[in-house]
Structure formats: C-alpha cells, structure tokens
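This report describes how the chains of one assembly meet. It takes the two interfaces in turn and then the pairs of chains that stay apart.

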There are 4 protein chains.
Amino acid sequence: MTFLDQYHLVRKHTEDICSLLQPEDHVPQPVPFVSPPKWHLAHTTWFFEEFLLKPHLPEYNVFNSDFSFLFNSYYNNVGKRVLRANRGAITRPSTAAIIEYRHYVDMHMELLLQLKAGHEDVNQLIELGLNHEQQHQELLYTDIKYILSCNPISPVYNEDINWENQHNIEEGFITVEEGVYEIGSDGEGFSFDNEHNRHKVYLNQFEISKSLVTNGEFLEFIEAGGYSDFNLWLDEGWSWVNENQITAPFYWHKAEEGWQYFTLSGMQDIDPNAMLTHISFYEALAFAEWKKMRLPTEAEWEVASNQLNWGRRWEWTHSAYLPYPGFAKPDGAVGEYNGKFMINQMVLRGASCATPEGHSRNTYRNFFHPDERWQFNGIRLVKP
Amino acid sequence: MTFLDQYHLVRKHTEDICSLLQPEDHVPQPVPFVSPPKWHLAHTTWFFEEFLLKPHLPEYNVFNSDFSFLFNSYYNNVGKRVLRANRGAITRPSTAAIIEYRHYVDMHMELLLQLKAGHEDVNQLIELGLNHEQQHQELLYTDIKYILSCNPISPVYNEDINWENQHNIEEGFITVEEGVYEIGSDGEGFSFDNEHNRHKVYLNQFEISKSLVTNGEFLEFIEAGGYSDFNLWLDEGWSWVNENQITAPFYWHKAEEGWQYFTLSGMQDIDPNAMLTHISFYEALAFAEWKKMRLPTEAEWEVASNQLNWGRRWEWTHSAYLPYPGFAKPDGAVGEYNGKFMINQMVLRGASCATPEGHSRNTYRNFFHPDERWQFNGIRLVKP
Amino acid sequence: MTFLDQYHLVRKHTEDICSLLQPEDHVPQPVPFVSPPKWHLAHTTWFFEEFLLKPHLPEYNVFNSDFSFLFNSYYNNVGKRVLRANRGAITRPSTAAIIEYRHYVDMHMELLLQLKAGHEDVNQLIELGLNHEQQHQELLYTDIKYILSCNPISPVYNEDINWENQHNIEEGFITVEEGVYEIGSDGEGFSFDNEHNRHKVYLNQFEISKSLVTNGEFLEFIEAGGYSDFNLWLDEGWSWVNENQITAPFYWHKAEEGWQYFTLSGMQDIDPNAMLTHISFYEALAFAEWKKMRLPTEAEWEVASNQLNWGRRWEWTHSAYLPYPGFAKPDGAVGEYNGKFMINQMVLRGASCATPEGHSRNTYRNFFHPDERWQFNGIRLVKP
Amino acid sequence: MTFLDQYHLVRKHTEDICSLLQPEDHVPQPVPFVSPPKWHLAHTTWFFEEFLLKPHLPEYNVFNSDFSFLFNSYYNNVGKRVLRANRGAITRPSTAAIIEYRHYVDMHMELLLQLKAGHEDVNQLIELGLNHEQQHQELLYTDIKYILSCNPISPVYNEDINWENQHNIEEGFITVEEGVYEIGSDGEGFSFDNEHNRHKVYLNQFEISKSLVTNGEFLEFIEAGGYSDFNLWLDEGWSWVNENQITAPFYWHKAEEGWQYFTLSGMQDIDPNAMLTHISFYEALAFAEWKKMRLPTEAEWEVASNQLNWGRRWEWTHSAYLPYPGFAKPDGAVGEYNGKFMINQMVLRGASCATPEGHSRNTYRNFFHPDERWQFNGIRLVKP
C-alpha cells in the first residue's frame, strides 16, 4: 500500500463513521470532554492544513481563515481557540461545509505527497497526522455513543455493531519472573513521544490473568454491596460514588425486567459473559480490592503483553501517567501533544473495539482521569 | 378571516421563521433559558396535540408517543419531562421529522375545527394555543439570535432584518393627572389569566417620556463611568456587574474601530439614534438613576399607553410580577401557564419588533428576571 | 428618659445579648447571610464612630484605624471593606478587644452628646444609629441561633427563652372595606427612608385573620403531602424544595419520637399550638394555596394592623420590596441603607419576639429573599 | 527517655504550639483542607481514646460521648462523623473544655502505660498515635498560618519564628550512578504502612542539586514571564494559573515597596537568598521546565538523600503517590490511614521547618494534590 493509499484509507474511515449520522447529531457537546462529531471531522483536517499544507505546500491558500480558530483543539502555540467547553454552540459551518473542507485539504495533500515524496520530516508529520486522526476515530465512536445516550428515546447508531458483547477466549493466569526488563518504544515503526525513552525497570514476580473481568463478575460485586462498602474504595472514589450516586457501570440501567445497557445498537439486556466495559479507575480498583487482587502496573502489563490476548478493551493500570526517563517533548505546537497532560491521569494499556486497525501496539500509553468512563475500557487482574 | 385561516397563518409563520436555518442551527441550547429552534417547532405542536387533539378529537392516534415526554416544557401536570437545561443534547427526532409531526397535527386540527366548530371551550383552547405559539415565535427570534451570537464567526440569519436600528418618532413628555384608574383586561378579546382582574389603582400625577432611550444616550452613560459608579446600582445589580464584568449592553462589542453589536444581520456598527435594546433591569434602573429620573410602574404605563407610541421594545417597568387582585389560576395544566412564575421577576410592558402581528395589547404583562437581556427590551423614563 | 440614657440602654442591650456566649461562639459565619456575633458588636460601634464621631467630634482619634475597614458592612461610600462572605475567618481583634472599642466609642459619644445637645442633624444620626443597633440586636439573636444549630450537639444559648412556644390570643377574621387608604410614615417619630412617602392606595374589600398559622396547622399541611404537590408551589419554590430536599420548616427535625425543633433553649418537642416560625415565603405561599386562602399585601396589612395583635412574628406579605411613590434616598453613605436592596425580596410586616422594645411600628418594612428562613417569621392568612 | 516521657513530650508540644493563640483563633476553617486549631487539639486526643483507651483500658469511661462523633477525622470504620468542610461552625466544646479532655485522656494513658508496659501491640498503637500527633503538629503550624493570613490586618503568631528566611548551606550537584537500588523502610524504627515494602528499583544515572531553589531564583522566573508562558506548564496547571489568577507563590503580595510575604511573624519583605516555599507542584514543574531541568523521582531522592542536606522544606518529586509493591493496608480503622489517599496526589520527600524533632526519615512519603501550597514545601532540581 502506498503512503497515499494509506492516507486515503484513514481519511475515508472517518467519513464512514459519520455516514450513519444525521446533520443534527453532529452538533451537541453534552459534557466538556465529549466533542461534536463535526468538530472531529474538521479538527483532524485542520491538523493537516496547519502542520503540513501551510508550512510545506508552496502558495497554499487556506480554505477558510476562520477555521484555524474554530478547529484548533488545545494548541496554544497556534493562536487563539474556542474554549473546549463551548464547541456545542457552533452550528456553522455545517457538516456539509466541513466535508467540502476535508476534500479541499485532501486534494492539496495529494499535491504535497507528490511534491515532497521522500522528505522524511514531511512524512513523519503525515504519519503523526494519520495517527492523530485514528485517535479521533476512536473518540468519534465513544462521543457518538455518549451523545445518543443523552436522548431519552435511546436512538440506534448502527444495528449491527456488537461491541459490548465480546467474550474472553482464554482463562487462567500467566507467571512473569522477577528481574530487570525493558519497556517503551524501541523506535521501530510509529510511536508517540510519550512511549520514549525505552528504559529498564525492575519487576518482582507476578501472576496476571489471561481474561478480562466480565459483566457477570461485576454483577456479583454489585449484588454483594460493592458500591456501599467504603473499605473497598479510594477516598476520592468514595466521594465520587456518593456525589454522583453511582450504582453501576456507565450506560447501565436497572429496568423492571433486569439490567440493561445502552449500546451503539440501542438499549439491550446485558450479556453476563461479555467483557465488562465503561468503568472508572475507581470502580476497577474497588473491584480488584473486593476480589483480593490488584491491577497491573503499566510495566507489568507491557512485559506480559506478548502472552496475552488484548485489544477489545483499554485496560486500566495502577500507574499514573508520567514521563518516562529521558522523555523530551518536541519543540513547538507538536510538543503540546502529550506531555502537558501528564498529571492526575492513570495509564490504560492495550486497545479497544473502537481502535482502528493498525493503530495498536503494546507500548501505546492511553490515559484518562480516574473518574472517566465513556471509553471502552476494562479490568485485568493480577494476584496480589 | 376564518378561524382555520388564522390557525394556518400562525402555524405557517413559525415555519417561516425557521426556514432560514440549517439543520445544525436547530440543536444547541447554549444556556438554560434559550431553547433549540426545533424544540420550539415541536413544543408548539405538542400543545395542540396534548390539549386539543388528545382530549377532543375522537379516535386520535398520537404521532409518536415519545414526543409527549420530549416536548413538554414545564407542565408538571402532563407527566415526566426532559429537564429544561438538557434540551440541547436531543438530536433526534430531526428537524425534518418534527416538520412531519407539525403537518400531521395540523391535518388533525383541521378535522377538529370542522367537528367542533362553535364549541366555545375548544375555541378558547385553540385561541390559547395560537397565542402560545405566537409567544414562541418571539422566543424563536431571540433564541436564534442568542445561538448564532455564540459562534465566533458571527453568522447572518437574515441580511434584511433591521430591528436593532429602529428610531423614535416622537419626543417630549406626557402628563397624567392624579386619581383612581382602572387597569387590567376588561375581557374583550383574548387575554392571559395574569391580566385579570381588572381593578382600581390610585396614581399620583406623573410625566412620562414619549420616546425610548437611544444607543447614543446610553453611550453617554457608559462614557460617564456608569458601570463603575456603585451609587447608581442596586446591590444585586452591582454584584451582577462585577461578577460578570458587564461593561455594555448584551451583544455590544468594543472593536478597534468603535462599538459594534451583533444583530440578526450579523455584526454592525451601532446606530446612536436607534432605540437601545438588550439591557437588564439593573442597567435600566442604573441609567434612570444617572438621569435623575425613574422607570414607570406597570399601572402608570398602562394608564398612559394610549398616548404613547409603543411596540418596538418591551419596556422595563418598576413593578414586580405579582398577581392582580382576584387573580385565580385555572385548574389543571393550563393553570401552570403564568401564576407559578410570579416571583423574582419584573414586569415589561408593550411589545417588541419580534412580537407577531396581532399579539400585542396594552394590558399584556411580560416578565423576566432582572438580569435577563436577550429579549428586545428597552427603557422609557418618568420624571421623578 | 434622656437621650443619653436611651443611648446607654440600647448599647447595653447588645452586650447583654452577647453575655451568654463563649469567645469561640463569636467567630463563625456558617453562611454568608449570618454574621459572627463579635462582628455585630463591632459594626454597630463602627456606625457611631464613622457617622458621628469622625465628622462631628472635634479632634477625635479613632480607636484603631484598621477597624474602619474590618467592620464596614456594605457601605461602598466608606471605602474598601471585607467581603461579606469572609467575616468568619477574622479571629482578631478578639471579643475582649471589641468590648474595649465599644467602651471607647461610648465614652466619646457621651462627650458628643454634651457638646451637640440640641443639634438636630446630630440627633437624627444618633437616632438612626440606635435604630440601626436595634436591627442588629434582632439579627444577633437569629444569627446566634443559626450558629449554635450547626453544632451536632445542639448547645443551649439560654434555658429560659421560650420564643418558639408563643400562642395566639385571638381567633376569627376582620373585614376591611373597599376604598382609598393612606399608608407609609406620616413623619411622627423615627422612621426609615423606605417608609416614605406616605401615599394613597386603593384596596378592595378583604377579610384578614386575627391569628397566625400554628405548628399544628402546618403539620397538617406536611402530612397532607404539601411538600410534594407541585401545584401548590411557585416554580422557583418547587425547585428550591427539590434542590434542598426541604420537608419541614427550618430547625425542624423528625426524630424517632416525633417532630422536634432546635430553639435558643436547645432541642425541644414542637408545640402544636404555638405560632409557626422559620418558614420561607415559598412555604408561606404554598400553605396559603393549600388552605385556599392568600397572603395579605403590605398595604392591606398596614390598613388592618390597628385591629390586629401583632409583634411575635414577622409576617410574610405578598408584596415585593420596592420604593414607595416619591421615595428618595439620602445622599452619601446613609443612602445605602435601604434603597439598594429593593429587588428580589418580599416585604414582611409586624415585628418578632426578637425585636427590641420600642423598635416596632405598623409602617415598618422588613424584607428578605423568598427562600430565607432564619428570622422569626410567620403566616397570617386572608380570605381569597 | 522512657516511653511515658516521650508521650508527655509529644503531647506537651501540641499544647505549646497553641499557647500563643487566643480562643477565637481556634475556631475558623477558611477552606476545607485547613482545620481549626482546637479541632487538632481534640482529634489527636480522640485518637488515643478511640484506639487505645476504649479497647485496651478496662472500665474506661469516655470523657464525653459526643466527642467520638465531633472529632473523628476520616475514619469511616469508627461511625458517623462531621463532614470535613463543616468543622469551622463548631464553637463548642470550647478550647478550655478540650484542654480538660486532653488532660483526662493523658491521665488515663498513664494508667494504660503502666498496666500494659511491654505489650507490643499496645506500644505499636501508642507509637502510631504519637506519630499521628506529630503530623498534626506540623498541620497546626500551617493551618494557623493560613487562618491568620485571612485577616486583612496580618496578625503575628510569634515574633521570633524565622522559618521563611532559612538559607541553603551547600551548592553544586551530586552524581548517582545507574543501577538497581533498594528503597522503602527496612523495618528498623517507626514507619508508616505506605513506606513498605522495601523493594528494588532500576535507576539511570542522574545529577541532583545540593541546594533548594531560592526566592531570588524564583523572582527571576516571575520577571521572565514564567506565569504567562503556557509552554512551561502542564495543561491543568495552566488552567489553575488562569482560573485563580496566580502570579506568585502563596502568601506573596506585591506591595508598592516591593514583594512581601505573610509569615508567622507577620508581613515581611522577602529574603531573596532564603529557600523558596509555598509553591504548588504545578509551579515547581514550570520552574524546572524554565530552568531546563527536572524534578527528581521519589526513588532518586531517597537514593541520593544521604548525600544531601534536607529537612527545611518538603521537596516536590515527580512521582505520583501510589502503593509500593507488596503494600498491604492493615485491617480496620487504622487501614484508612494512608492507602485510601493514593490517587491524584504527588509525593514530597524530606521534612520541613514545621516538622517536629524526631519525626523525619529518608523513607517518609508525604503527599499533596498538585495545587496545594500551604505546606512549607520547596524545589530541588535534577539535571535532565
């Protein structure tokens, strides 16, 4: 596959995800961490215009100078931007106009690819842009799910997606021996800056589960009173449970006929054998405590990963999101990609059902605040 | 004009207002007191379905049973409803589906009108429904203005509306003599419950202005430091100014080239001779204080109204919104129309540029909280 | 009684109220509208220093220049001041130091009274200062009650106060005939600016109760589900009930053995025959609605007052706190006394058990926000 | 020194700290994380009554059964408790009554010590109680500083404390070689559960400063625009700076005559050569970024500590507060001591000027949220 083919493939996938939406679905931002779908469509395009076309394509004319401002996400180095929490009030440009913007940029990216074939710095930026877009593809799915779930009539995004009902294919535990190991990217293939430097860590012996926690296991926790036993919870987790009156994973509802969850295919009965998803770090840790087990550290996860089936759920680890030894953020706007978020977040490892093909590797570090639940995450346990 | 013609005329006007919008414009609710345009389209229709078709048209089948829940505004008597602040997350039904709903209800309303021609109780409810829809037409304009104003690129709703630039046509003051007067509806023609009972009031002599305050006069207040002289303000007004850093009427922006305001025709230079609009009661009162004048009470306004040109701006009065002597709210859901809002609001009298034709009279009592500014309101002064 | 005797009597009463407190009781401000007792001790003294001694006593040296800043309440004209909500963090000067301040100012006020005997302007300011201090005496009682109530061990202020258990001494209704009446102060004796001008009002005939609502009557409302029937409530009242989970008057607790209330004598069983107190305007109005009665307007109350027993509870009226015709606020800081609070508050008439002797009259206008309950207020009903 | 002597010494130190306070100083809780001084006096005593006297002293009668409830801090296992944020409204028991409580408990602790001399489990709990009280002694100093700082007249706690003006006594950097090291408590002497297990870590070579950052160095950062260069800050740090309008370390004020800071001896000019204190983790990290250096991890700090002068400022590390390998929280209430706080906090190492003698060791893990500044913390840099 040529680089151009790859470019088109990734770009098309974003539009495919949105093809099932109505224009109105593209607008809301029900909470600050969810973005409107059309914002994702535009922002991923803005990235190519801002970092590739403007600096590298001679005589490039921007599609619309307002868009620089409207579709910047968090890059302070690229000028003023719309506050993250205010994206839901921006109704224009319409989705149709944004699709035009995408095609205009794609056409010019083709020119750039011809013009700069073999320029390593340009290629690296394009690769970053494609990986960036793939990250937004995953967010598109989870943001669409969040937006539709706010509607009391539980609309269906796609009848045929069955992500909430995936099952484990293995049981039991794997033992990893004590010793010095290396983790982090070795520089082969694409990686983000936060996967560097590759470095040594010392691990004690541990045993890690080959399967993820299921809905059925979590139901036992609920029925055993897990949400009301403060001894299982972190102090901030216990406040979170009480202030938000949490009694089940996100999207779960107790109907008269039993537990149901909202899915991208509408409201469904929960499948007790499917892998649990949409739980906070707080819930993951309380569950582990109740099981008298623990969560793996990210180093343990990475060292064991080659012996594990992973890729359906992002897996919460017990590691805070912090720089690796020798981490250096790139200069300029691209340096704002990862480093500035390294506080108050926990690392998740693996990948999820919503992760695009070719966008997962065992050194990848995903990260969310401990109360965030709208991603397709899950729990893998380690013996204490 | 037949009653049916009148029905169609009012209903069509609502759709005409929305005809200039894109589907995406129909979704946002940037603040709780603004509603999404498609919600107005649906809610005004819901009113006819709920209060006319369901109880009065034999064998009527509701268009969609979910809509009762989705498009109830604040009628606790009509069952559960979406919280007012959450309307902006409801993307479906789409605007197109709501237009279908309108046509379905209109078709059945025609049947009802034929069937119940001459039934006084039905006619009264239809009249209420049409007046209700006209109130929402005014809100549609002001909500559309609010929504578009949130967009940093200042979109245009309609190039040809020129509401912000209307001028006074008279100057000077009118004197009204001391004595006992009657105010309130005398029952001729349509009126809301809050205009009753007609009752006697005792007024001292007063002199009231024939013109409304202009942008130019208000600019003088700004330039004289009106927003920073605490002696002019109510205590809660002064807090409001400081907490919100208010320095001008709503929609005003100080650009390098001078003061501008956002209008339904986009961003414009202010017209100093046009009637001021989009000010809070706090600002109205501070301005009056600065002028060493005062605002009229609603009784003074009503008694003087026949000698005044009014109808371009709702005019703030110095009367709190409270029941008239003998006020009795109707039984059931219709009783929730007005009475329950009689606290912490001030009365406005007159009508505005956005008020539909035939929907104004001098006994009409409009009401808003003292900090609310998104209506087309204004200031008329009285000598102290 | 000489003017000096009167001065000493009022000043001593303030200290008597505080004599039952420990130093620690003088500090907290649990909510912004409650002030620390020692702040009242100091602020009432500050008033005399600021408005009498500084401008009128030659060569007066202020006791401590920091106190001007610390003990100003809301007079923007007198320079910077501590934000109202931050008074509870100010532990120094100690109560003992504030008592010294009081005595220093009292000594100089004696000098001033000798020096300026017969100066009408000075006498008027002293009279205002004494009335101001009497207002704070009432607040001292209600703020002390609030502060002690925050303590889970329910401390006793004074075993012998029995204010919550006062009974009505009359039953039945009085009829007042339709006509033009005059209300407001006629200028005889002391009055606040908000009681002016005396002016004519037109009243319809009405019948007003000779007794106030009792605890027992309000218990019936509770038991009939009054707090959960939205039809009885203003919209903002209904939100207030739900957001704050209100199920009873302030200070009421449902213990296993029945309803109790916190009083200045500690926790007690409620007395069903005593006059109800500590209810919001919202509760007063909902109760009246439930009884199919209404609250009087302030004009009705004043016109009927000579035929009523009043003075144990401030009585909620259905009038908003707004200026009387011809109201003019005095120049300078004294002008901030009343006028700037004339928004979003309702008028209460009468006086309460905590009102100092000689500080009540039937033109007195007290005012609070519709949700405020910590004063000794009550309900008097009018036939609809 | 006997165990009893040690007990008395620690207990007396707490009362000594409070001996400079007035009764009123003992009451306020200006923010939830600061506790009233008398609460510290009582809570440290409650610990001995609850965990030693009640379970281990036969026939012990509690001093006052209300105190169990009033002075529990966060032990859910010990029943209901006053919400942390509401401590400032509790004026009774008075400080004098709490001192009586202390002496009552001390007398019974003497009996217990005689009766259970040599009982290892009791001794361990007493040792925990004394270390607990020493932690509160440090908090007493920092909470008193916070409380007094809220007073616009800047009261003096003690003229002779000079903690803010301590200087470094060494310069330059120390190199530590790459390799496997052990960190954590080896079980000799007292340690908290969070210092266990001792375990191996792999460190790369690093160079760590022998001195802490000074006020003068931080002033350079301020003057170079450090607070307005977003590239230096974590994203949440940048929000914190902007939302709170942070422009200097806590307690710093820019007076006309230059920078001053509030100290326990009142307001003073800053000493540019003194060790900086009262900065958040965000500021520490931004400063390090500006210096093109970094903060040490807690493992690096501990491994280097024997070659460093430390003990005047708690030093921010770049490690999140998480369990060590093999960490196990004790059963029951004592298990709530540390483990449940292991989220969203950063580790500080060392000790501070306010740390009681004998209460510091190089395995001690202190922890605070990244925005907390009221402790005597500081910055030590590592070459990148």
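Two residues are in contact when heavy atoms of theirs lie within 4.5 Å. By that rule, 30 residues from chain A and 30 residues from chain B make up the contact between these two chains. The model is a predicted one.

**Chain A by itself**

Chain A contains nine helices and 11 strands. Its radius of gyration is 22 Å, close to the 21 Å that the globule rule gives for 384 residues, so chain A is as compact as a globular protein of that length. The C-alpha trace of chain A spans about 65 × 55 × 35 Å along its principal axes.

**Chain A with chain B**

Between them, chain A and chain B bury about 2,300 Å², and carbon and sulfur atoms account for 61% of this area. Three residues, A:E24, A:R92 and A:I153, supply 32% of the area that chain A buries against chain B, more than any other three residues.

Two salt bridges are found across the interface of chain A and chain B. One joins the side chains of A:R92 and B:D25, at 2.6 Å from N to O. There are also 10 residue pairs in polar contact between chain A and chain B, with both residues at pLDDT 80 or more. On the side of chain A that touches chain B, α3 (66-70) and α5 (120-149) of chain A each supply at least two residues. Of the elements, α3(A) gives the most to that side, with three residues. By class, the side of chain A that touches chain B has 19 nonpolar, six polar and five charged residues.

Chain A is superposed on chain B by a rotation of 180 degrees with 0.0 Å of shift along the axis, at an RMSD of 0.0 Å. That is the relation of a two-fold axis. The residue of chain A that comes closest to the rotation axis is A:E24, whose C-alpha lies at 2.5 Å. The copies meet through the same surface, because 100% of the interface residues of chain A are also interface residues in chain B.

**Chain D with chain C**

The second interface brings 30 residues of chain D into contact with 30 residues of chain C. The area buried between chain D and chain C is about 2,200 Å², with 61% of it from carbon and sulfur atoms. Here D:E24, D:R92 and D:I153 supply 32% of the area that chain D buries against chain C, more than any other three residues.

The count of salt bridges between chain D and chain C is two. In one of them the side chains of D:R92 and C:D25 meet at 2.7 Å, N to O. On the side of chain D that touches chain C, the elements giving two or more residues are α3 (66-70) and α5 (120-149) of chain D. The largest share is from α3(D), with three residues.

A turn of 180 degrees and a shift of 0.1 Å along the axis lay chain D on chain C with an RMSD of 0.0 Å. D:E24 is the residue of chain D closest to the rotation axis, at 2.5 Å (C-alpha).

The table sets out the two interfaces.

| Chains | Buried area | Salt bridge between side chains (N to O) |
|---|---|---|
| chain A and chain B | about 2,300 Å² | A:R92 and B:D25, 2.6 Å |
| chain D and chain C | about 2,200 Å² | D:R92 and C:D25, 2.7 Å |

**Chains that do not touch**

No contact joins chain A and chain C, and their closest C-alpha atoms are 14 Å apart. Chain B and chain D do not touch either, with 14 Å between their nearest C-alpha atoms.

Definitions and conventions
Residues numbered from 1 in each chain as written. Chains lettered and ligands numbered in written order. Predicted model: local features only at pLDDT ≥ 70, side-chain atom pairs only at ≥ 80, totals over all residues. Heavy atoms only, no water. Buried area = accessible area lost by both parts, 1.4 Å probe. Salt bridge = Lys/Arg side-chain N within 4 Å of Asp/Glu carboxyl O. Helix = DSSP H or I, 4+ residues; strand = E, 2+ residues; numbered from the N terminus. Least-squares fit on C-alpha atoms with pLDDT ≥ 70 in both. Rg over C-alpha atoms; globule rule 2.2 N^0.38 Å. Polar contact = N/O pair within 3.5 Å; in protein donor to acceptor, adjacent residues only side chain to side chain. Nonpolar A, V, L, I, M, F, W, Y, C, P; charged D, E, K, R; others polar.
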